[in-house]
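This report describes the architecture and the side-chain contacts of one protein chain. Please consult the sequence and the coordinates alongside the text.

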Amino acid sequence: MRKALAARDPLGADRFVDVAQHELEADPVGTAERVYAAAGLDLEGAVADSMARWASENRRGSRGAHRYRLEDHGLSAAEVTNVFAPYLERFGDLTTAGG
């Protein structure tokens, strides 16, 4: 994570868009518009409509519940927090709407 963050600095903050899962779920088209805008593009018409339709048809839980546990993958919350600590220190916790 430290190497990834270090690589961002010389490229400039305007070259990156951080998207939180809760943000994508709450407003998928608005989030896509923000990503497009960062790339200098407009999200319009049929593309935006198609995204909205897909998002509506594929909301969380629409295909059943998926339960993931860190322990099932040999990880602990402390390990993940430690790896992501530099990102969290720099950008805040994006896992909740409060950030």
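The sections below proceed from the overall fold to individual side-chain pairs.

## Overall architecture

The model is predicted. The protein contains five helices and zero strands, and the order of its elements from the N terminus is α-α-α-α-α. Helix H1 spans residues 2-11 and helix H2 spans residues 21-26. Helix H3 covers residues 28-38, helix H4 covers residues 45-57, and helix H5 covers residues 77-91.

The radius of gyration is 16 Å, whereas a compact globule of 99 residues would have a value near 13 Å. Along the principal axes, the C-alpha atoms occupy a box of roughly 45 × 40 × 25 Å. Two pairs of residues give a sense of the separations within this box. Val47 and Thr95 are 48 residues apart in sequence, with 27 Å between their C-alpha atoms. Glu79 and Phe16 are 63 residues apart along the chain, and their C-alpha atoms are separated by 25 Å.

## Burial and surface

Of the 99 residues in the protein, 16% are buried. The exposed area of the protein is about 7,700 Å², of which carbon and sulfur atoms supply 54%. Among contacts between residues at least 6 apart in sequence, 44% join residues at least 24 apart.

Met1, Val83, Phe84 and Leu88 form a nonpolar patch on the surface, and together they present about 310 Å² of accessible area. One member of the patch, Phe84, is located in helix H5. Phe84 has a relative accessible area of 37% and is therefore partly exposed, since the class lies between 20% and 50%. The same helix, H5, also holds Glu79, which is partly exposed with a relative accessible area of 40%. In helix H4, Val47 is partly exposed at 41% relative accessibility.

## Salt bridges

How many salt bridges does the model contain? The count comes to five; three of them are described here.

Asp18 and Arg8 form a salt bridge with an N to O distance of 2.8 Å. Asp18 lies in the loop between helix H1 and helix H2, while Arg8 belongs to helix H1, so the pair ties together parts that are ten residues apart in sequence. The two partners fall into separate accessibility classes: Asp18 is partly exposed, with a relative accessible area of 25%, whereas Arg8 is buried at 12%. Arg8 is classed as buried because its value is under 20%.

The salt bridge between Arg90 and Asp9 has an N to O distance of 2.4 Å. Arg90 is part of helix H5 and Asp9 is part of helix H1, so this pair ties together parts that are 81 residues apart in sequence. Arg90 is partly exposed at 40% relative accessibility, and Asp9 is partly exposed at 47%.

Arg34 forms a salt bridge with Glu23, in which the closest N and O atoms are 2.7 Å apart. Here the link runs between distant parts of the chain, eleven residues apart, with Arg34 in helix H3 and Glu23 in helix H2. Both side chains are partly exposed: Arg34 has a relative accessible area of 34%, and Glu23 has a relative accessibility of 24%.

## Aromatic pairing

A pair of aromatic rings is described by the distance of the centres and the angle of the planes. The model contains one aromatic pair. Tyr87 and Phe91 form this pair, with 4.8 Å from centre to centre and 45° between the planes. The geometry counts as tilted because the angle is neither under 30 degrees, as stacking requires, nor over 60 degrees, as an edge-to-face arrangement requires.

Both Tyr87 and Phe91 lie in helix H5, where they are four residues apart, about one turn of the helix. Are the two rings' residues buried or partly exposed? Tyr87 is buried, with a relative accessible area of 12%, whereas Phe91 is partly exposed, with a relative accessible area of 31%.

## Helix H5 in summary

Several of the features above involve helix H5. This helix contains both members of the aromatic pair, Tyr87 and Phe91, and it includes Phe84 and Glu79. Arg90 in helix H5 is also the partner of Asp9 in helix H1.

Conventions
Residues numbered from 1 in each chain as written. Predicted model: local features only at pLDDT ≥ 70, side-chain atom pairs only at ≥ 80, totals over all residues. Heavy atoms only, no water. Phe/Tyr/Trp six-rings, centres within 6.5 Å; stacked < 30°, edge-to-face > 60°. Helix = DSSP H or I, 4+ residues; strand = E, 2+ residues; numbered from the N terminus. Buried < 20%, exposed > 50% of the residue type's maximum accessible area, 1.4 Å probe, protein only. Patch = residues over 30% accessible without salt bridge, like charges linked within 9 Å, V, L, I, M, F, W, Y side chains within 5 Å. Areas by Shrake-Rupley, 256 points an atom, 1.4 Å probe, with all protein chains shown as cover. Salt bridge = Lys/Arg side-chain N within 4 Å of Asp/Glu carboxyl O. Rg over C-alpha atoms; globule rule 2.2 N^0.38 Å. Contact = heavy atoms within 4.5 Å.
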